[in-house]
Amino acid sequence: MSTFVLVSGAWHGGWCWDRVEPILRQAGHRVITPTLTGISDRAHLMNPAVGLDTHINDVVQLLDHHDLSDVILVGHSYAGQVITGVADQRPERLARRVYLDAFIGDGRPAIELLPAEISVHYRESVAENGFGWLIPGRSLEVLGVTSQTDLEWLTPRLTPHPWKTYTDVLNVHGHQQQVPAEFIECVDWMRVFRPYAELAASLGWPVHEIQTGHEAMVTAPDELASIFLQILESSR
């Protein structure tokens, strides 16, 4: 039995992996899907001080208190920042870090890793509708979700995301490089994370493609779980 820790991105909670988790469990593996502080089912903990370090610490504490080892640590989208920070602090607990259509953190704030036009949109939405400290949700259709069933399942569960997590620098010391990494790119949408797939390839990481939009855990759970299991086999 191996352990997968699946970390969701902005606006989402651990529930977003509900279609992937049973597939991995059926294959005999342990699956943990934390919700980060201040988001979704932990939205009651939201406050302006919630930042990137808060979210990194959420996962570090989970690894430590469950005494986990040989973990396949997956970060979706924004959570690429989180898993990079976790790998820097606890490389000895990880077997692989997996970036699912995600930022590959290099120390800069997440807002600086976005394309300029999207970064401007985020800043405007925070100022106009987020009280200066929240990121309102983005259109799911823009993210490649087209099924009405998926839209109805996702929409009521998403919550605003703490802005500070996007403006905090990622403090790392290079220890994350001890943990082998792989990248999964979702190619059936506007491909915001294409530069990071290319960066991953240039670094010699395995890069996988999945023919779906950004919300792969919802729109293509079987294909995504299959890639996760391939990655697990390559880590042994």
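The dialogue below reads the sheet of this predicted model, its packed helices and one buried histidine.

Q: What kind of model is this, and how are residues numbered?
A: This is a predicted model, in which local features need pLDDT of at least 70, side-chain atom pairs count only at pLDDT 80 or more, and totals for chains, interfaces and linings use all residues. Residues are numbered from 1 along each chain as its sequence is written, and side-chain values use heavy atoms, with hydrogens and water left out.

Q: In what order do the strands of the sheet lie?
A: Strands (E, at least two residues) and helices (H or I, at least four) are DSSP runs numbered from the N terminus, and two strands pair if DSSP finds at least two bridges between them. Here 6 strands form an open, parallel sheet in the order β2-β1-β3-β4-β7-β8, with β2 (30–32) and β8 at the edges, each pairing on one side only.

Q: Which strands does helix α9 touch?
A: Contact means heavy atoms within 4.5 Å, while axes are lines fitted to C-alpha atoms, for helices over the stretch in contact, with angles from 0 to 180 degrees between N-to-C directions. Helix α9 (residues 221–234) packs on the sheet against β1, β3, β4, β7 and β8, its direction making about 165 degrees with that of β8.

Q: Why is His214 classed as buried?
A: Buried means under 20% relative accessible area, exposed over 50%, and partly exposed in between (1.4 Å probe, protein chains only). His214 counts as buried because its relative accessibility is 3%; it is found in the loop between β8 (207–210) and α8 (216–219), and, leaving aside neighbours within four places in sequence, its contacts include His76, Asp101 and Trp189.
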